[in-house]
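Student: I have a model open on my screen and would like to understand the labels people put on its parts. Could you go through them with me?

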Amino acid sequence: FAAFATDEIHFVNGLTWAQIKAKALKEKKMIFFDAYATWCGPCKYMENSVYTQKAAGDFFNANFINVKMDMEKGEGLQLSEEFNISAYPTFLFFTPEGKLVHKYVGGMEVDEFVQLGKDAKNPSKQYFTLKDKAQKGLLSDADFSAWASLASDLEDEDRNDILKTYYQKNKDILANKDIAATAL
């Protein structure tokens, strides 16, 4: 049993959000933040079937300060508003300095979850890094299309404004195979 317990993801307990950010900065590790609700079925699945897997524990323990917070009580209530969380589970990833760089909503299997963690560490796949580039017009058409699809999945409130600006600058979008599907 003791060997099994070391395989799973280790979550920090009893710290405030400010203390967690300080710990991440001190340890120079990104933060993985599981925003959950006690009644959420996919949250329970992640807890019992994914976080307990060796592959998840090995990757997340080595690369992140891991945090789970009930978003319907205590500090979770305020953070839920701050991070614009409307569905569970929501997975957030922060730099060691506390900047939000990646987000995903929904449960998944362990291989997908480890890949999500790898994507969160890769600036070319981080949702909010790509969003910033999309707002500045710095993405290729294919990357913009991929970002727009993810923005739709995440119900990003800024998505329509960013799309409108992009389409105004790129008049012949339907001739571009990378963008045509996004425009429809």
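**Reading the labels**

Tutor: Happy to! This is a predicted model, and a good place to begin is Gly-137, which comes just after α7 and takes a positive phi of about 70°.

Student: And what makes Tyr-127, Leu-130, Lys-131 and Ala-134 of helix α7 count as buried?

Tutor: The cut-off for buried is a relative accessible area under 20%. In α7, which spans residues 127–135, Tyr-127, Leu-130, Lys-131 and Ala-134 are buried by that rule.

Student: How do you know on which side of α7 they lie?

Tutor: The four cover an arc of only 105° around the axis, so they sit on the same side of α7. The buried residues of α7 pack against β5 (100–105), α8 (141–153) and α9 (159–169).

Student: Let's take α8. Why is α7 called oblique to α8?

Tutor: The two helices pack at an angle of about 120°, and their axes are 10 Å apart. Roughly perpendicular covers 65 to 115 degrees and roughly antiparallel starts over 145, so an angle falling in neither range counts as oblique. That makes α7 oblique to α8. The crossing of α7 past α8 is left-handed.

Student: Which residues make the contact?

Tutor: From α7 come Tyr-127, Leu-130, Lys-131 and Ala-134, and from α8 come Phe-144, Trp-147, Leu-150 and Ala-151. Sorted by class, the contact of α7 with α8 has 7 nonpolar, no polar and 1 charged residues. Lys counts as charged, and Lys-131 is one of the residues in the contact.

Student: Now the loops. What is notable about phi of Lys-28?

Tutor: Phi of Lys-28 is near 55°, a positive value in a residue other than glycine. Most residues other than glycine have a negative phi. Lys-28 lies in the loop between α2 (17–27) and β2 (30–36).

Student: Is Lys-28 buried or exposed?

Tutor: Exposed means over 50%, and Lys-28 has 70% relative accessibility, so Lys-28 counts as exposed.

Student: Why is Asn-84 called partly exposed?

Tutor: Its relative accessibility is 40%. Partly exposed lies between the buried limit of 20% and the exposed limit of 50%, so Asn-84 counts as partly exposed. Asn-84 also has a positive phi, about 55°, although it is not a glycine, and its place is in the loop between α5 and β4.

Student: What kind of peptide bond joins Tyr-88 and Pro-89?

Tutor: A cis one, with omega about -10°. Most peptide bonds are trans. Pro-89 is in the loop between α5 (75–82) and β4 (90–94).

Definitions and conventions:
Residues are numbered from 1 along each chain as its sequence is written. This is a predicted model: local features need pLDDT of at least 70, side-chain atom pairs count only at pLDDT 80 or more; totals for chains, interfaces and linings use all residues. Side-chain values use heavy atoms; hydrogens and water are left out. Buried means under 20% relative accessible area, exposed over 50%, partly exposed in between (1.4 Å probe, protein chains only). The arc is that of the directions from the helix axis to the C-beta atoms. Contact means heavy atoms within 4.5 Å. Axes are lines fitted to C-alpha atoms, for helices over the stretch in contact, and angles run from 0 to 180 degrees between N-to-C directions. Angles under 35 degrees count as roughly parallel, over 145 as roughly antiparallel, 65 to 115 as roughly perpendicular and the rest as oblique. A crossing is left-handed if the near helix is turned anticlockwise from the far one by less than a right angle, and right-handed if clockwise.
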